[in-house]
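Here are my notes on the model you sent round, set out as numbered points. They begin with the chain as a whole and end with its aromatic side chains.

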Amino acid sequence: DPEVWERMVRETVTAFRGIEGAEILYEFWNEPDIHYWKAGLADFLELYERTARAVKAADPKARIGGRTLTRGPGQLRPDKSRHEPLITGLTRSVKR
């Protein structure tokens with residue numbers, strides 16, 4: 001349920017926002033190009049956007065990262081895996 005997810009994100013960020021002197025970077029879904037992410041690119045990007053909005057709603061100064069892939073610089077190339085459309089789509093979405 002997207003609303004439950006967004007509420008949980010806002011409550012989590014609110015709790016961490018109150019920690020004096022802490023520098024927190026929120027990361028959204030580490031390495032979706034491995035077997036943990038079962039949905040497609042459109043679902044991933046929608047959930048990323050919902051998450052980022054919820055983080056910023058709770059703390060406008062918060063930093064959020066994500067779209068982190070298992071492959072490093074120079075390793076992003078099309079392959080024959082079922083994740084190739086996700087990898088290509090995530091790479092292109094970062095360039096926007």
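1. In this predicted model, contacts between residues at least 6 apart in sequence are made up, to the extent of 64%, of those that join residues at least 24 apart.

2. Read from the N terminus, the elements of the protein chain follow the order α-β-α-β-α, which corresponds to a secondary structure of three helices and two strands.

3. Of the 96 residues in the protein chain, 28% are buried, and the surface that the chain exposes comes to about 6700 Å², with carbon and sulfur atoms supplying 54% of that area.

4. Two aromatic pairs turn up when the whole structure is searched. In one of them, the ring centres of Phe28 and Tyr48 lie 5.3 Å apart and the planes meet at 80 degrees, so this pair is classed as edge-to-face, the cut-off for that class being over 60 degrees.

5. Where do the two partners, Phe28 and Tyr48, lie? Phe28 belongs to strand β1 (residues 25-28) and Tyr48 to helix α2 (residues 41-58), so the pair ties together parts that are 20 residues apart in sequence.

6. Both partners can also be placed by accessibility, for which buried means under 20% relative accessible area. Phe28, at 2% relative accessibility, counts as buried, and Tyr48, at 12%, counts as buried as well.

7. The Phe28 and Tyr48 rings should be considered together with Phe44, since ring pairs link Phe28, Phe44 and Tyr48 into a cluster.

Methods: Residues are numbered from 1 along each chain as its sequence is written. This is a predicted model: local features need pLDDT of at least 70, side-chain atom pairs count only at pLDDT 80 or more; totals for chains, interfaces and linings use all residues. Side-chain values use heavy atoms; hydrogens and water are left out. Helices (H or I, at least four residues) and strands (E, at least two) are DSSP runs, numbered from the N terminus. Buried means under 20% relative accessible area, exposed over 50%, partly exposed in between (1.4 Å probe, protein chains only). Contact means heavy atoms within 4.5 Å. Accessible areas come from the Shrake-Rupley method with a 1.4 Å probe; for residues, only the protein chains shown count as cover. Rings of Phe, Tyr and Trp (its six-membered ring) pair if their centres lie within 6.5 Å; planes under 30 degrees apart count as stacked, over 60 as edge-to-face and the rest as tilted.
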